[in-house]
Amino acid sequence: MIRSVNHTALLQYVITRFSVVSLITFRSLLFLFIALPFVKHPFITAGMMNPNFHSTDVYYLPDDQFHQMQSEINDVTDIMRQNIRLGIERGANLDDLEIKAEDLNNYSQQFAYGAHEVHNKYWWKNVKMWILIIIIVVIILTLIIVLSVLAAKNKI
């Protein structure tokens, strides 16, 4: 399906869209001004200028096949847009999950610090209890020894 080209509009588009100095060479400008107005199908001619061009490389589709292909392209485009949207949502979910994991890591570090403090606190309480028990045992043993020594002196 080849559509006719409005050469003036094409030329205006090319000149306004691209910088004439940097992107369009003198040769392409000559083609636009001299050859393009006389060419009935410019896209075919441009293809024929290619040394690797074969006339069997150009295929023309009837309108119904063209519209069917266009609808398939639109379907694929919609699917890709949906995939991109789902990917963005998945990325947002991953960001939320990463934030939750960082929070959980911070909470676990705080818990570990608190557990270490509690462990040290009860370890010192345990040490103090053992020291107190040892002192009481020593006092009881000292009393037993002193009383038995005093009792033994009184009997003698």
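**Exercise 1. Determine how far apart Glu89 and Arg85 lie in helix α4, and characterise their contact.**

Solution. Step 1: Both Glu89 and Arg85 belong to helix α4, with a spacing of 4 residues, about one turn of the helix. Helices (H or I, at least four residues) and strands (E, at least two) are DSSP runs, numbered from the N terminus.

Step 2: The model is predicted; local features need pLDDT of at least 70, side-chain atom pairs count only at pLDDT 80 or more, and totals for chains, interfaces and linings use all residues. Residues are numbered from 1 along each chain as its sequence is written, and side-chain values use heavy atoms, with hydrogens and water left out.

Step 3: A salt bridge joins Glu89 and Arg85, with 3.4 Å between the closest N and O atoms. The term requires a side-chain nitrogen of Lys or Arg within 4 Å of a carboxyl oxygen of Asp or Glu. The structure holds 1 salt bridge.

Step 4: Glu89 has a relative accessible area of 37% and is partly exposed; Arg85, at 42%, is also partly exposed. Buried means under 20% relative accessible area, exposed over 50%, and partly exposed in between (1.4 Å probe, protein chains only).

**Exercise 2. Identify the residues that form a negative surface patch, and place Asp103.**

Solution. Step 1: The negative patch consists of Asp95, Asp96, Glu98, Glu102 and Asp103. Patch residues have over 30% relative accessible area and no salt bridge, and like charges are joined within 9 Å. Asp and Glu count as negative, the charge being placed at CG of Asp or CD of Glu.

Step 2: Asp103 lies in helix α4, which spans residues 63–155. Its relative accessible area is 35%, so Asp103 is partly exposed.

**Exercise 3. Describe the whole chain and the annotated segment at residues 129–152.**

Solution. Step 1: The protein chain has 4 helices and 0 strands, in the order α-α-α-α from the N terminus.

Step 2: Of the 156 residues, 6% are buried.

Step 3: An unreviewed UniProt entry assigns "transmembrane region" to residues 20–39 and 129–152; such annotations may be inferred rather than shown by experiment. Residues 129–152 are 100% helix and 0% strand, with 34 Å between the end C-alpha atoms.

Technical notes:
Patches are made of residues with over 30% relative accessible area and no salt bridge: like charges are joined within 9 Å, nonpolar side chains (Val, Leu, Ile, Met, Phe, Trp, Tyr) within 5 Å. Accessible areas come from the Shrake-Rupley method with a 1.4 Å probe; for residues, only the protein chains shown count as cover.
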